[in-house]
Amino acid sequence: MPCLRVLAQDSLSGNPKFLSSQKISNPPSVCREIQALLVVLFSLFVIGVTILYNQRSIRQILEDREQQQLSITQTSLLSSDPSKASGVNNQNQALVASLDRFTKCASTRRYSGKKTVRIDRMMETDRRRGIPERCDLFSGKWVFDNTSYPLYNESHCPYMSDELACQKYGRTDLRYQNWRWQPHNCNLKRWNATEMWEKLRGKRLMFVGDSLNRGQWTSMVCLLQSAIPADKRSMSPVAPLTIFRAEEYNASVEFYWAPLLVDSNSDDPVNHRLKDRIIRPDSVLKHASQWENADILVFNTYLWWRHGPIKLLWSSEENGVCEELDGLRAMELAMEAWAEWVASNVNTLIKRVFFVTMSPTHLWSREWKPGSEGNCYEENTPIDVEGYWGSGSDLPTMRMVENVLGKLRSKVSVVNITQLSEYRKDGHPSIYRKFWQTLSPQQLSNRTSYSDCIHWCLPGVHDVWNELLFNLL
């Protein structure tokens, strides 16, 4: 069979050329070799095209799968029940939009009875008990001691808060600075700033909570700062986290604003006076990302739950529909969410967790002075009736907190400051503090109307709370 357009070599130039103008009869073996070569080349071409096509298809499949997985994840974040699959769900909840002061409820309905994860089953394997107390540090009396107290001078602490600097703002009776707490059956170890720094060496001590916990943090900073040279310490405010550092000890004493412990619309440390208080009762993750790496944690929460009903916006709620609940039961939901985090994340061999009980108020003098109609204004001595209990400390709330903390067993140490602080009607700033809002003529004419009977002057009651913490560490 003749083969057309055979590749031949020019006899004169040696260059290849096509002999296409004439038929050339080649041996059959040559034709078969040429045909085989063409088949091979064509097959290679087809294989190459197929490989490219498959690679492109595989890439598209992977991209589609990633997009599908992202879509599934986003959908599950909005629809999953936060009480299930704690580990995976914790990661998912982190992506749920955080609340802020601009958050609003689309509508509000009655509480449905939904619960956060209960910690009973999470603590089944932890049967350890704390070491029995040889002495109840929290049962005792106040003793006037103007030799050993105050532990520092108000004007010598450069980090003093104007809201707690009662002497600076005109208080002349300074006996509130001279009271020492004396337990009934033992003595508190004397405060020692250097020893406390040694306890904190290489560690982060963080106070987490509301303005009362911030007051305790301020007290701790004032108690500690004099032991550190001025050029070896620093204060780095990064709202809502404020950090006091001691270079020599590679240690920090920090305060983190989280007044309700769970995510809420009141988490701005400055702009938090809002008409409606909205919380995510099942999520502490936004806050936990700030406190989880601290070595020693001191928590509190109480007063913010006593102002009207609380609106609940669950993490799984897609349409902004809130539920409404009274403060006590809303606080219980939040405490259980916080306790779940503690139960799941705290290794007591490397982390200490403390919970400071409720700080009492002294808003009605008739409770300790029948027939009077004042408050803490002009009070200058403690209450001397042992076991005194005022309405500023809510017993149902205390029982609820005790129940939640009891489930955590040795995971949390309780700093029970409530009873000892109940006696100190004289320790509040009353009118002797900086007020950020302009007072009206009517208020100025009636000083009890704007007296602060919630917070505590420094030096004062907060220092004793920190002495207790020092002893517990």
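Which hand does the link of Cys 105 and Cys 322 have, left or right, going by the angle about the S-S bond? Keep that one in mind; the exercises below work on a predicted model.

**Exercise 1. Work out the geometry and setting of the Cys 105 to Cys 322 link.**

Step 1. Start with the sulfurs: Cys 105 and Cys 322 are joined by a disulfide, S to S 2.0 Å. The cut-off for calling a disulfide is 2.5 Å, so this pair passes.

Step 2. Now the opening question. The angle about the S-S bond is -85°, and the link of Cys 105 and Cys 322 is left-handed.

Step 3. Place both ends on the chain. Cys 105 sits in the loop between α2 (86–93) and β3, while Cys 322 belongs to strand β13. They are 217 residues apart, so the pair links distant parts of the chain.

Step 4. Check the exposure. Cys 105 has a relative accessible area of 22%, which makes it partly exposed. Cys 322 comes out at 0%, so it is buried.

**Exercise 2. Find where β13 sits in its sheet, and say which strands are at the edges.**

Step 1. Write down the strand order: β3-β13-β12-β10, an open sheet of 4 strands with mixed pairing.

Step 2. Look at the ends. β3 (107–110) and β10 (278–279) each have a single partner strand, so one side of each lacks a neighbour in the sheet.

Step 3. Zoom in on one pairing. β3 runs parallel to β13 (residues 321–325), and the two share 4 bridges.

Step 4. Tie this back to Exercise 1. Thr 108 stands opposite Cys 322 in β13, and Cys 322 is the residue that the disulfide joins to Cys 105.

**Exercise 3. Compare the setting of two further disulfides, Cys 135 to Cys 186 and Cys 166 to Cys 457.**

Step 1. Count first: searching the whole structure turns up 5 disulfides.

Step 2. Take Cys 135 and Cys 186, with S to S 1.8 Å. The torsion about their S-S bond is about -75°, so this disulfide is left-handed. Cys 135 lies in the loop between β3 and β4 (140–144), and Cys 186 in the loop between β5 (179–183) and α3 (193–200), so parts 51 residues apart in sequence are tied together. Cys 135 is buried at 12% relative accessible area.

Step 3. Turn to Cys 166 and Cys 457, whose sulfur atoms are 2.0 Å apart. Here the torsion is about -95°, so the disulfide is left-handed. Cys 166 is in the loop between β4 and β5, and Cys 457 in the loop between α9 (441–445) and α10 (461–472), so the pair ties together parts 291 residues apart in sequence. Cys 166 has a relative accessible area of 0% and is buried; Cys 457 is buried too, at 1%.

**Exercise 4. Describe the largest pocket: its volume, its centre and its lining.**

Step 1. The volume is about 1,500 Å³.

Step 2. The lining has 44 residues, and those closest to the centre are Glu 163, Arg 214, Arg 273, Arg 433 and His 455.

Step 3. Assign the lining to elements. α4 (211–225), β7 (233–238), β8 (241–246) and β9 (251–257) each give two or more residues. α4 gives the most, with 5 residues.

Step 4. Sort by chemistry: 22 of the lining residues are nonpolar, 14 polar and 8 charged.

Conventions: Residues numbered from 1 in each chain as written. Predicted model: local features only at pLDDT ≥ 70, side-chain atom pairs only at ≥ 80, totals over all residues. Heavy atoms only, no water. Pairing = 2+ DSSP bridges. 1 Å grid on protein atoms, 1.4 Å probe; cavity = no way out; pocket = protein on both sides within 12 Å on 5 of 7 lines; lining within 4 Å. Points joined across faces, edges and corners; volume = space filled by probe spheres on them. Nonpolar A, V, L, I, M, F, W, Y, C, P; charged D, E, K, R; others polar. Buried < 20%, exposed > 50% of the residue type's maximum accessible area, 1.4 Å probe, protein only.
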